[in-house]
Amino acid sequence: MRHPSTILTTICLIWATSAATEPALGVWKSEPGETGGYIHVEIMPCENNLCGIITEVVGNDNRSIIGRNIINDMKIKGNGKYNGGTIWAPDTDKTYRSHMTLDEDVLTVSGCMAVILCRGQKWTRLK
């Protein structure tokens, strides 16, 4: 019989390995907003899903959003598809249901109030 801590360690290592290979992890640059400013977002694992935190604001004086979660509980569906999470829109200070699609180094991020009322951006990978 294995020791419980050995089993837990094995489970954690398996999850960490699979999370480390998740292609959406990393730092992304948003499209410029109406004022020309944009943000950098670090996407990271949060439990079994993905979350994103604003790490930098460029071309805008609104530094108060640095460190805020912008993506929450995004479920990994595989093949570059993600859904079931939410995204916070800093310009409107509203949170929307969200989905994402990854195509190489371009992440299409969309937020929707209803199926037909969506808006989105294409983010590019920084690292």
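A disulfide is a pair of cysteine sulfur atoms within 2.5 Å. The model shown in these views is predicted. The close-ups take the disulfides, the strand pairings, the salt bridges and a surface patch in turn.

**View 1. C46 and C51 are joined by a disulfide.**
The whole structure holds two disulfides. In this one, the sulfur atoms of C46 and C51 lie 2.0 Å apart. The link is right-handed, with 75° about the S-S bond. Are the two cysteines, C46 and C51, buried or exposed? C46 is buried, with a relative accessible area of 18%. C51 also counts as buried, at 10% relative accessibility. Both values fall under the 20% limit for buried residues.

**View 2. C112 and C118 form a disulfide.**
Here too the sulfur atoms are 2.0 Å apart. The angle about the S-S bond is 110°, and the link of C112 and C118 is right-handed. C112 is buried, with a relative accessible area of 9%. C118 is partly exposed, at 38%. How are the bonded cysteines of the protein paired in sequence order? The pattern is 1-2, 3-4.

**View 3. Strand β2 pairs with β1 and with β3.**
Strand β1 covers residues 26–29, and strand β2 covers residues 38–46. The two strands pair in the antiparallel sense over four bridges. K29 stands opposite H40 of β2. Strand β3, residues 49–58, runs antiparallel to β2. How many bridges join β2 to β3? There are nine. H40 appears here as well, standing opposite E56 in β3. H40 therefore has K29 as one partner and E56 as another. In a regular strand, side chains alternate between the two faces of the sheet.

**View 4. β2 and β3 form a hairpin.**
Two residues lie between the strands. E47 sits in the turn and has a positive phi of about 55°. The disulfide partner C46 belongs to the span of β2, residues 38–46. C51 falls within strand β3, residues 49–58.

**View 5. β6 and β7 make another hairpin.**
The two strands pair in the antiparallel sense over seven bridges. M100 has V109 in β7 as its bridge partner. Which residue of this hairpin takes a positive phi? E104 does, with a value near 60°. Two residues separate the strands of the hairpin.

**View 6. β7 pairs with β8.**
The sense is antiparallel, and eight bridges join the two strands. L107 stands opposite W123 in β8. β7 thus also meets β6, over seven bridges.

**View 7. D91 and R119 form a salt bridge.**
The structure holds two salt bridges. Side chains of opposite charge can pair when their charged atoms come close. In this pair, the closest N and O atoms are 2.7 Å apart. Where do the two residues, D91 and R119, lie? D91 is in the loop between β5 (81–89) and β6 (94–103), and R119 is in strand β8 (residues 117–125). The pair links distant parts of the chain, 28 residues apart. D91 counts as exposed, at 59% relative accessibility. R119 counts as partly exposed, at 45%.

**View 8. R125 and D105 meet in a salt bridge.**
Their side chains come to 2.8 Å, N to O. R125 lies in strand β8 and D105 in the loop between β6 and β7 (106–114), so the pair ties together parts that are 20 residues apart in sequence. R125 counts as partly exposed, with 25% relative accessibility. D105 counts as partly exposed too, at 45%.

**View 9. M113, I116 and L117 form a nonpolar patch on the surface.**
Together the three residues have about 380 Å² of accessible area. M113 lies in strand β7. Is M113 buried or exposed? M113 is exposed, with a relative accessible area of 55%. The limit for exposed residues is over 50%.

Technical notes:
Residues are numbered from 1 along each chain as its sequence is written. This is a predicted model: local features need pLDDT of at least 70, side-chain atom pairs count only at pLDDT 80 or more; totals for chains, interfaces and linings use all residues. Side-chain values use heavy atoms; hydrogens and water are left out. Buried means under 20% relative accessible area, exposed over 50%, partly exposed in between (1.4 Å probe, protein chains only). A salt bridge is a side-chain nitrogen of Lys or Arg within 4 Å of a carboxyl oxygen of Asp or Glu. Patches are made of residues with over 30% relative accessible area and no salt bridge: like charges are joined within 9 Å, nonpolar side chains (Val, Leu, Ile, Met, Phe, Trp, Tyr) within 5 Å. Accessible areas come from the Shrake-Rupley method with a 1.4 Å probe; for residues, only the protein chains shown count as cover. Two strands pair if DSSP finds at least two bridges between them.
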